[in-house]
Amino acid sequence: MSEPAIRFIDVTKKFGKQVVLDRVNVDFPTGMTTVIAGGSGQGKSVSLKLILGLMKPDSGRIMVDGQDISAMGRRELNRIRTEFGVLFQGAALLDSITVFENVALPLEERTSLSRQEIKERVEEMLARFDLTGHGDKYPAQLSGGMKKRVGLARALMLQPRIMLFDEPTTGLDPKISMEIYRLFFETQKKYGFTSIIVSHDIPKVFNLADQVILLNNGHMTTFASPEEIQHSADPEIISFVETTMGQIYVSKEMEKIS
Ligand SMILES: Nc1ncnc2c1ncn2[C@@H]1O[C@H](COP(=O)(O)OP(=O)(O)OP(=O)(O)O)[C@@H](O)[C@H]1O
Ligand SMILES: [Mg+2]
């Protein structure tokens, strides 16, 4: 198998006395989709920040395409970050510029394409995400699902090799969440990027996963497939599965009621 796109080697991350990651070793294989699951406050967002070099580990190494990102200086970090597409909690659109301008931003900052070329690419992307005719709106004038789609469109503009999603569907209703996942699945198939998704949307998001990583008490456990989790003998993992299944049960009941 080729070298993993991202590899954690003995990574420890602490905040004061709190150990968030405790000598974690884990691989994110190239071209595959990895879902990181785990309870609130277990360190999922911190893990993504480590991958982007926005935080440094206390010890250990984080390899991106075989290079240690935690040892890089600012210039190298900026270069390697152009390979990432990122969609964080809340989509993080710039409120003072239009949808069109938000999606065009990566091309304007990172390429020397002409106005006309940028316009064509942005319009093509807006069409792909069902946003044709909304380019002149400002983020405040969009629904939650539209904001996420704009965020996804912008993240894909530079055809990243690695996509990081932190809770891409938080706050969206189930139908729109499915739509975001469907779009994600299509674009992943088209571009073939490596992706890492942090999500509470279990088991929906498991349908997209090539592998699942459970983060609990500072440890990451890798499962080659979502089904494998169900067969774990680890009491903590069994408890995690039971809790999330409990949530699914409740949400189905809610759907029936509404
Ligand atoms: N900059 C920071 N300084 C101090 N502690 C931090 C910092 N960033 C994160 N933490 C702590 O690290 C732990 C993990 O945080 P993180 O945001 O990764 O959780 P999470 O798994 O993403 O949770 P959620 O599912 O609620 O988003 C939390 O206890 C948090 O308080
Ligand atoms: Mg988080």
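**Close-up 1. Helix 5 and helix 6 cross at roughly 15 degrees in this predicted model.** The axes of helix 5 (residues 144-156) and helix 6 (residues 174-191) come within 10 Å. Angles under 35 degrees count as roughly parallel. Helix 5 is therefore roughly parallel to helix 6. The crossing of the two helices is right-handed.

**Close-up 2. Residues at the contact of helix 5 with helix 6.** Helix 5 contributes Gly-145, Lys-148, Arg-149, Leu-152 and Leu-156. From helix 6 come Ile-176, Glu-179, Ile-180, Leu-183, Phe-184 and Thr-187. Sorted by class, the contact holds six nonpolar, two polar and three charged residues.

**Close-up 3. An open sheet of six strands.** The strand order is 6-7-8-3-9-10, and the pairing is mixed. Strand 6 (84-87) and strand 10 (219-223) form the edges. Each has a single partner strand, so one side of each lacks a neighbour in the sheet. From one strand to the next, the twist averages 15 degrees.

**Close-up 4. The pairing of strand 6 with strand 7, and helix 5 packed on the sheet.** Strand 6 and strand 7 (residues 162-166) run parallel, joined by four bridges. Gly-85 stands opposite Met-163 of strand 7. Helix 5 packs on the sheet and touches both strand 6 and strand 7. The direction of helix 5 makes about 170 degrees with that of strand 6.

Conventions: Residues numbered from 1 in each chain as written. Chains lettered and ligands numbered in written order. Predicted model: local features only at pLDDT ≥ 70, side-chain atom pairs only at ≥ 80, totals over all residues. Axes fitted to C-alpha atoms, helices over the stretch in contact; angles between N-to-C directions. Parallel < 35°, antiparallel > 145°, perpendicular 65-115°, else oblique. Left-handed = near helix turned anticlockwise from the far one by under 90°. Contact = placed C-beta atoms within 7 Å. Nonpolar A, V, L, I, M, F, W, Y, C, P; charged D, E, K, R; others polar. Pairing = 2+ DSSP bridges.
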